[in-house]
Each structure stands twice: as C-alpha cells, then as structure tokens.
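The following exercises are to be worked through with the sequence and the three-dimensional model at hand. Each task is followed by a solution in steps.

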Amino acid sequence: ATESAGAGPKIIGVGRLRRVFGTKDGEFAVLVSDEYQGHGLGTELVRQLMFQEKLLHEIGDALEVLET
C-alpha cells in the first residue's frame, strides 16, 4: 500500500504470501507503518493476499483440466 507524498509515493504497508512447493501449506506476513496501524490496512492486505491465492488456485485447477 502506498500514500502519495510531496516527494513521491510512500510505502505504508506491505503483504507477502508464500506457498510451500508441492503442498497446500504456506505462510504470510504483513507489515504496516506505525502511524497507519489500527485503520484496517493490515486486514485489507490479508484479504487481498487471500484473494490472490484463491485466484491462483482456481487458475491452476483450470489449467490442469485443459492439460488432460
């Protein structure tokens, strides 16, 4: 997540999701700048990570069907 500042965009939050290869396991991390905590930004970053993971899983399933 970024905020527009006078000198350009400022990073105020970051989220990362990593799957363990060959499994359905994974881990995620979210970091939100102190001054922006408590406003739901971390929650929204987790929602976006979960949405992307679900979308990637659905695309993978569709590709498997096409390959058979």
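**Exercise 1. Surface and burial**

Determine how much surface the protein chain exposes and what share of its residues counts as buried.

Solution. In this predicted model, the protein chain exposes about 5,700 Å². Carbon and sulfur atoms supply 58% of that area. Buried means under 20% relative accessible area; of the 68 residues, 12% count as buried.

**Exercise 2. Overall form**

Establish the order of the secondary structure elements and decide whether the protein chain is spread out or a compact globule.

Solution. First, the elements are counted: the protein chain has 1 helix and 4 strands. Second, their order along the sequence is β-β-β-β-α. Third, the radius of gyration is 16 Å, whereas the globule rule gives 11 Å for 68 residues; the value is well over the rule, so the protein chain is more spread out than a compact globule. Finally, a box of roughly 55 × 20 × 20 Å along the principal axes is filled by the C-alpha atoms.

**Exercise 3. Two residues of helix α1**

Classify Leu56 and Gln48 by exposure, and describe the surroundings of each.

Solution. Helix α1 spans residues 41–67 and includes Leu56; Gln48 also belongs to helix α1. Leu56 has a relative accessible area of 57%, so this residue is exposed. Together with Phe51, Leu55 and Ile59, Leu56 makes a nonpolar surface patch of about 390 Å². For Gln48 the relative accessible area is 38%, so Gln48 is partly exposed. The C-alpha atom of Gln48 lies 8.7 Å from that of Gly15, although 33 residues separate the two along the chain.

Technical notes
Residues are numbered from 1 along each chain as its sequence is written. This is a predicted model: local features need pLDDT of at least 70, side-chain atom pairs count only at pLDDT 80 or more; totals for chains, interfaces and linings use all residues. Side-chain values use heavy atoms; hydrogens and water are left out. Patches are made of residues with over 30% relative accessible area and no salt bridge: like charges are joined within 9 Å, nonpolar side chains (Val, Leu, Ile, Met, Phe, Trp, Tyr) within 5 Å. Accessible areas come from the Shrake-Rupley method with a 1.4 Å probe; for residues, only the protein chains shown count as cover. A salt bridge is a side-chain nitrogen of Lys or Arg within 4 Å of a carboxyl oxygen of Asp or Glu. Helices (H or I, at least four residues) and strands (E, at least two) are DSSP runs, numbered from the N terminus. Buried means under 20% relative accessible area, exposed over 50%, partly exposed in between (1.4 Å probe, protein chains only). The radius of gyration is taken over C-alpha atoms; the globule rule is 2.2 Å times the number of residues to the power 0.38.
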